Amino acid sequence: MWTSILLGLSGTSFRFHALYFLQTHEDSCQYGFVKCQACGETVERRQLTAHREQDCTNRAVACTYCGGEVRHSYMKVR
């Protein structure tokens, strides 16, 4: 109630703005979960860059033999 008075909003208008701000926060919160576009694994947004660079099975790595770029999942383990 006090929040709607501070914002000068009431009723439906306040609820709309509250939902908008909540959705905006959820879309950018670093502790929210997102899906890696390369492998489909779900990780926290704040860990997505590290996942893509170190853990993603579909990350690009250099071939041991020719140095060409290949997916990590295609590399043969010896």
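**Exercise 1.** Leaving aside its neighbours within four places in sequence, which residues is Glu 44 in contact with?

*Solution.* The structure is a predicted model, and the contacts are read from its atoms. Start by placing the residue: Glu 44 belongs to strand β2. Once neighbours within four places in sequence are set aside, the residues in contact with Glu 44 are Gln 30, Tyr 31, Gly 32 and Phe 33. To complete the description, add the accessibility of Glu 44, which is 16% in relative terms and counts as buried, since buried means under 20% relative accessible area.

**Exercise 2.** Find which side chains meet in a salt bridge, and classify each partner as buried, partly exposed or exposed.

*Solution.* A search of the whole structure returns one salt bridge. Its partners are the side chains of Arg 46 and Glu 44, with a distance of 2.6 Å from N to O. The pair satisfies the criterion because a salt bridge requires a side-chain nitrogen of Lys or Arg within 4 Å of a carboxyl oxygen of Asp or Glu. The side chains of Glu 44 and Arg 46 are also listed as making a polar contact, at 2.6 Å. Turning to accessibility, Arg 46 has a relative accessible area of 44% and is partly exposed, whereas Glu 44, at 16%, counts as buried.

**Exercise 3.** Describe the surroundings of Arg 45, beginning with its position in the chain and ending with its side chain.

*Solution.* Arg 45 sits in the loop that lies between β2 (42-44) and α3 (48-55). Its relative accessible area is 21%, and it is therefore partly exposed, the limit for buried being under 20%. Not counting residues up to four places away in sequence, Arg 45 touches Glu 26, Asp 27, Ser 28, Cys 29, Gln 30, Gly 32 and Val 34. The side chain of Arg 45 reaches the backbone oxygen of Cys 29 at 2.5 Å. For the backbone geometry, consider two C-alpha separations: Arg 45 and Tyr 31, 14 residues apart along the chain, are 6.1 Å apart, and Arg 45 and Ser 28, 17 residues apart along the chain, are 8.2 Å apart.

**Exercise 4.** Where does Ser 28 lie, and which backbone oxygen does its side chain reach?

*Solution.* Ser 28 is placed in helix α2, and its side chain reaches the backbone oxygen of Thr 24 at 3.2 Å. With a relative accessible area of 44%, Ser 28 is partly exposed.

**Exercise 5.** Which residues make up the largest nonpolar core, and which make a nonpolar surface patch?

*Solution.* Take the core first: the largest nonpolar core has five residues, namely Val 34, Cys 36, Val 43, Leu 48 and Cys 56. Val 34 touches Glu 41, Thr 42, Val 43, Arg 45 and Leu 48, when residues up to four places away in sequence are not counted. On the surface, Phe 16, Tyr 20 and Phe 21 make a nonpolar patch of about 380 Å². Phe 16 lies in helix α2 (residues 11-28) and is exposed, with a relative accessible area of 54%.

**Exercise 6.** In what order do the elements of the protein chain run from the N terminus on, and what percentage of its residues count as buried?

*Solution.* The protein chain has three helices and four strands, and from the N terminus on they follow the order α-α-β-β-α-β-β. Of its 78 residues, 17% count as buried. The accessible surface of the chain amounts to about 6,600 Å², with 56% of this belonging to carbon and sulfur atoms. Finally, among contacts between residues at least 6 apart in sequence, 0% join residues at least 24 apart.

Definitions and conventions. Residues are numbered from 1 along each chain as its sequence is written. This is a predicted model: local features need pLDDT of at least 70, side-chain atom pairs count only at pLDDT 80 or more; totals for chains, interfaces and linings use all residues. Side-chain values use heavy atoms; hydrogens and water are left out. Buried means under 20% relative accessible area, exposed over 50%, partly exposed in between (1.4 Å probe, protein chains only). A nonpolar core is a set of buried Ala, Val, Leu, Ile, Met, Phe, Trp, Tyr and Cys residues joined through side-chain atoms within 4.5 Å. Contact means heavy atoms within 4.5 Å. Patches are made of residues with over 30% relative accessible area and no salt bridge: like charges are joined within 9 Å, nonpolar side chains (Val, Leu, Ile, Met, Phe, Trp, Tyr) within 5 Å. Accessible areas come from the Shrake-Rupley method with a 1.4 Å probe; for residues, only the protein chains shown count as cover. Helices (H or I, at least four residues) and strands (E, at least two) are DSSP runs, numbered from the N terminus. A polar contact is a pair of N or O atoms within 3.5 Å; within protein, one must be able to donate a hydrogen and the other to accept it, and residues adjacent in sequence count only if both atoms are side-chain atoms.
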